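I opened this notebook to keep track of what I looked up, one topic at a time. The entries below follow the order in which I went through the model.

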Amino acid sequence: MTSAAHPAPQPEPLWQPDSDRIAAARITRFQAWAAERYGAPAEGGYPALHRWSVAELDTFWQAVADWFDIRFSSPYEAVLADRTMPGAQWFPGATLNYAEHALRTAEDSARAETPALLHVDETHEPVGISWSELRRQVGSLAAELRALGVRPGDRVSGYLPNVPQAVTALLASAAVGAVWTSCAPDFGARSVLDRFQQVEPVVLFTVDGYRYGGKEHDRTDVVAELRRELPTLRAVVHIPLLGTPAPEGTLEWSALTSADTEPVFEQVPFDHPLWVLYSSGTTGLPKAIVQSQGGILLEHFKQLGLHCDLGPEDRFFWYTSTGWMMWNFLVSGLLTGTTVVLYDGSPGFPDTGAQWGVAERTGATLFGTSAAYVMACRKAEVHPAREHDLSRVKCVATTGSPLPPDGFRWLHDEVREDLWIASVSGGTDVCSCFAGAVPTLPVHIGELQAPCLGTDLQAWDPQGRAVTGEVGELVVTNPMPSMPIRFWNDPDGGRYRDSYFDMFPGVWRHGDWITLTDHGSVIIHGRSDSTLNRQGVRMGSADIYEVVERLPEIRESLVIGLEEPDGGYWMPLFVHLAEGAVLDESLRAKIKQAIREQLSPRHVPDEIIEAPGVPHTLTGKRIEVPVKRLLQGTALDKAVNPGSVDNLDLLRFYEDIARKRA
């Protein structure tokens, strides 16, 4: 995985935007405007713009604020007063409000009655909520929150699916200056309490249940437990998704959102907390990550308005739940005047191709999903373009894990040849992307198009030297506005520093292995803390999964590399088989041959073991580090936080393997 002595010829792109598309892209217009006003390079396209954005960080972010017409109700004294990480100080002196910007389109009489939100679930066609109606509901709810005594800085929580009420509650909280936090209703009580008890909410918005996979799931018992275990609650708001009456002592959603009240937007400092997101919490309590109103506003305007090329004519659909940062990112589509599509239901109901049906029915122009979903469609032989009218879809974006090369080819072949495929990578920690979508650049198979603007993304070797064309740690060497302002309950900042700044002080280390190619793209190899290091050759687990899961017999896999006390190294591969497949010697040989020929002979597993399944976090990411700890002999309750796992019983299987080896 290192560069050859002579640079390889640049690979042929899978897709290339034509000149009309490049000229029409908002990022092209931004570059020309920033060249005139702020000294950005007029020539050299995106690579030149990116170089300028990291070299002239203050000027770049000032240009973003100006281009998107950020409404500062009091002026800023500097763009970046202190660039020390952690603790960078952005736009000191400035005040603003995130919700005011999210609802700005309602002020445009030509667009006020067009849909801000399109809501669809497993049982009905899309239902639109206009900009004016969303603004009215936010105004009514914000006034009611104030009447309940909610003040700037108070926490407001939602145990809600991806429904319009969740968006209204988030925006009303932000309008008041309160701090929003949410969990999806498929989280059990313990998982929710692990998160909400840390931040002590004063209001809880909750549903009586949700629909998923064609079934209704009652959550009244969980809600009752949350009410008992969250003593700071002053009010609980009942949303009757399944039609049940409001339990005693709760307020009714309809009563709080019925008034015709002009919203009042609390003007808060730039670094005032907007929301709390949570890490997966697989090895302890989830980290409660606090991001600011101003930092998110700027970062999301840049990401959605420039990188995703979203505007008023677009419809933005990303399959997500309220327990994943992508939901917060999706809601920010409102900033660019874009209609946001909220889908509440199973990704694969009534069949694997269901999400393509949602994209068709809602007229989505940008459809975002997980790499795992794309690969599941490929395996199930779904033919999206044959089965649906996807003519409005300009871009399919994926995240959650690296999109394997076969995923790129499948989207190109089965959706459309002229399709912009945006594999993106970022993190809950910044609620944004480090690398990914650029509408003016080519797409190469298996690669993210480029590092994002204002993101000083580098690959570093263990000595802290930047490398190109070889695998290194993903680091960001200058601050981004949406980096956490702090973790909740981390008074001295120690947990925050340990999470990102322990390896390279003053430099953000994210915990992913990446390669920056010589043609400017980015390849993600998986988490660096679960890297496979055989005889000095490092490889990301994602590289193994891409090869193994191409085989039709394998549904999913999990590879672990274990350093043993005697200096040895044991690398088992666990495989969850497709229906009807048998792990016999011939399949074992086939797996080993695929890894040997397509990756490296050194990364052929020592053992291939059939598993009943692969455990995931509640947001669908494979759990590698806790399984590694189990295999090293750590007790289950010490190796993993049980509330963070989708299926705890699966982990007992890996614990048994460890016992047998001991």
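These are my notes on cores, a glutamine, a hairpin and a sheet.

Entry 1, the model. I am working from a predicted model, and I keep that in mind for every entry that follows.

Entry 2, the cores. I began with the largest nonpolar core, which has 132 residues, and I noted that Y98, L171, F205, L334, W356 and L411 are those with the most contacts inside it. Helix α7, which spans residues 164-176, gives the largest share of this core, namely nine residues. I then looked up L411 and, leaving aside neighbours within four places in sequence, found it in contact with W356, V374, V396, L403, R416, L419 and I421. There is also a second, separate core of 40 residues, and W570, V575, L577 and L651 are included in it.

Entry 3, a glutamine in a helix. I turned next to Q198, which is found in helix α8, covering residues 189-199. Is Q198 buried or exposed? I put Q198 down as buried, because its relative accessible area is 10%, and the cut-off for buried is under 20%. A polar atom of the Q198 side chain lies 2.9 Å from the backbone oxygen of D194. Not counting residues up to four places away in sequence, Q198 touches L193, L285, P286, A288, W488 and N489.

Entry 4, a hairpin. I followed strand β27 (residues 508-516) to strand β28 (residues 522-527), and I found that the two run antiparallel and are joined by five bridges. To place one of these pairings, I looked up W513, whose bridge partner in β28 is G526. Five residues lie between the strands of this hairpin, and in it G520 takes a positive phi near 95 degrees.

Entry 5, an open sheet. Which strands form the open sheet, and in what order? I found three strands in the order β31-β34-β35, with mixed pairing. Strands β31 (554-559) and β35 (607-610) stand at the edges with a single partner strand each, so one side of each is left without a neighbour in the sheet. On average, neighbouring strands of this sheet are turned by 25 degrees against each other, direction ignored. I then looked more closely at the pairing of β31 with β34, which covers residues 572-577: the two run antiparallel and five bridges join them. One residue I could place there is E556, whose bridge partner in β34 is H576.

Terms used:
Residues are numbered from 1 along each chain as its sequence is written. This is a predicted model: local features need pLDDT of at least 70, side-chain atom pairs count only at pLDDT 80 or more; totals for chains, interfaces and linings use all residues. Side-chain values use heavy atoms; hydrogens and water are left out. Two strands pair if DSSP finds at least two bridges between them. Axes are lines fitted to C-alpha atoms, for helices over the stretch in contact, and angles run from 0 to 180 degrees between N-to-C directions. Buried means under 20% relative accessible area, exposed over 50%, partly exposed in between (1.4 Å probe, protein chains only). A polar contact is a pair of N or O atoms within 3.5 Å; within protein, one must be able to donate a hydrogen and the other to accept it, and residues adjacent in sequence count only if both atoms are side-chain atoms. Contact means heavy atoms within 4.5 Å. A nonpolar core is a set of buried Ala, Val, Leu, Ile, Met, Phe, Trp, Tyr and Cys residues joined through side-chain atoms within 4.5 Å.
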